[in-house]
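Visitor: I am new to this structure. Please show me how to read its features, one at a time.

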Amino acid sequence: MAVVRIPSEEKVLTGQQEVTAFLGRYGIEYERWTSARPVGAEATSDELLQAYRQDIDALKARGGYRAVDVIDVRPDTPNLDAMLAKFSREHWHDEDEVRFIVEGRGLFHIHSEGAPVFALEVVAGDLICVPQGTHHWFDLCAERRIRAIRLFQDTSGWTPHYTDSGVDASFQPVCFGLSYVPSGSERL
Ligand SMILES: [Fe+2]
């Protein structure tokens, strides 16, 4: 289950309804997907795509997504730091950023115009669609592990355009997870 943190307001959102409603204000679609059949850690990309085929097909039809692939990042992935550096600076894309997390986790920061920056930690089972043009950046959590299904309208549209605002430097890419939600946090 994803967690949202709004640092400037010292707020943390954790429930599915709260998170879904909050993200909806920014046009960000959020869903929880369950596989049609059990998928182990050793499942191939094809097996993963088969297991989530129904949800993938529904989303493709709804969002006009045409291409689907699986990205698999581990701590020993070659050139991992260089890869991560591309996405940890504020940027946007000409198409939606659509990710379904199969394993591991990651941290998006979302910076919509006129709104406070918020962090969105995604974990296995989370589907997120960040609309094209939305300013954001992305970091892995400490274990540097994520496996995700990606959907594209057109893969050429997924090049990052950097804002060079420097705003990303003001936010620590610290993942928390539910066990780290400080007690007494104010909630929306
Ligand atoms: Fe991105």
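Guide: Begin with a term. Helices and strands here are DSSP runs, numbered from the N terminus. One more point: this is a predicted model.

Visitor: Let us start with the pocket. What is the volume of the largest pocket?

Guide: A pocket is an open set of grid points with protein on both sides. In this model the largest pocket has a volume of about 250 Å³. It is lined by 15 residues, and the closest to its centre are Ile71, Phe87, Arg99, Phe138 and Trp158.

Visitor: Which elements give two or more residues to the lining of the largest pocket?

Guide: They are strand E4 (67-73), helix H4 (80-87), strand E6 (97-110), strand E9 (136-140) and strand E10 (146-152). E6 gives the most, with 4 residues.

Visitor: How many nonpolar, polar and charged residues does the lining of the largest pocket have?

Guide: The lining has 12 nonpolar and 3 charged residues, and no polar ones.

Visitor: Now the rings. How many aromatic pairs does the count come to?

Guide: Rings pair if their centres lie within 6.5 Å. The count comes to 7 aromatic pairs. Take tyrosine 26 and phenylalanine 118: their centres are 5.0 Å apart, with 45° between the planes, and the pair is tilted. Tyrosine 26 is in the loop between helix H1 (16-24) and strand E3 (29-32). Phenylalanine 118 is in strand E7 (residues 118-123). The pair links distant parts of the chain, 92 residues apart.

Visitor: Are tyrosine 26 and phenylalanine 118 buried or exposed?

Guide: Both tyrosine 26 and phenylalanine 118 are buried.

Visitor: Why is the pair of tryptophan 33 and phenylalanine 100 stacked?

Guide: Planes under 30 degrees apart count as stacked. The planes of tryptophan 33 and phenylalanine 100 are at 25°, so this pair is stacked. Their ring centres are 4.8 Å apart. Tryptophan 33 is in the loop between E3 and helix H2 (45-51), while phenylalanine 100 is in strand E6. That pair, too, links distant parts of the chain, 67 residues apart. Both tryptophan 33 and phenylalanine 100 are buried.

Visitor: Which residues do ring pairs link into a cluster?

Guide: Phe22, Tyr26 and Phe118 are linked into a cluster by ring pairs.

Visitor: Where does the charged end of arginine 89 sit?

Guide: The charged end of arginine 89 sits over the ring of tyrosine 162, 4.0 Å from the ring centre.

Visitor: Next, burial. Why does aspartate 126 count as buried?

Guide: Buried means under 20% relative accessible area. Aspartate 126 has a relative accessible area of 0%, so this residue is buried. Aspartate 126 lies in strand E8 (residues 126-130).

Visitor: What does the side chain of aspartate 126 make a polar contact with?

Guide: The side chain of tyrosine 30 makes a polar contact with the aspartate 126 side chain at 2.4 Å. A polar contact of 2.8 Å also joins the side chains of aspartate 126 and arginine 32.

Visitor: Phi angles puzzle me. What is the phi of glutamate 10 near?

Guide: Most residues other than glycine have a negative phi. Glutamate 10 has a phi near 50°, a positive value in a residue other than glycine. Glutamate 10 is in the loop between strand E1 (3-6) and strand E2 (11-13). With a relative accessible area of 66%, glutamate 10 is exposed. Arginine 144 also has a positive phi, near 50°. Arginine 144 lies in the loop between E9 and E10. At 28% relative accessibility, arginine 144 counts as partly exposed.

Visitor: Last, distances. How many Å separate the C-alpha atoms of leucine 140 and glycine 106?

Guide: Read two numbers, one along the chain and one through space. Leucine 140 and glycine 106 are 34 residues apart along the chain, and their C-alpha atoms are separated by 4.5 Å. Leucine 140 is in strand E9, and at 11% relative accessibility this leucine counts as buried.

Visitor: What separates the C-alpha atoms of phenylalanine 152 and glycine 15?

Guide: Those C-alpha atoms are separated by 28 Å, with the two positions 137 residues apart along the chain. Phenylalanine 152 is in strand E10 and counts as buried, at 3% relative accessibility.

Definitions and conventions. Residues numbered from 1 in each chain as written. Predicted model: local features only at pLDDT ≥ 70, side-chain atom pairs only at ≥ 80, totals over all residues. Heavy atoms only, no water. 1 Å grid on protein atoms, 1.4 Å probe; cavity = no way out; pocket = protein on both sides within 12 Å on 5 of 7 lines; lining within 4 Å. Points joined across faces, edges and corners; volume = space filled by probe spheres on them. Nonpolar A, V, L, I, M, F, W, Y, C, P; charged D, E, K, R; others polar. Phe/Tyr/Trp six-rings, centres within 6.5 Å; stacked < 30°, edge-to-face > 60°. Buried < 20%, exposed > 50% of the residue type's maximum accessible area, 1.4 Å probe, protein only. Lys NZ or Arg CZ within 6 Å of the ring centre and 35° of its normal. Polar contact = N/O pair within 3.5 Å; in protein donor to acceptor, adjacent residues only side chain to side chain.
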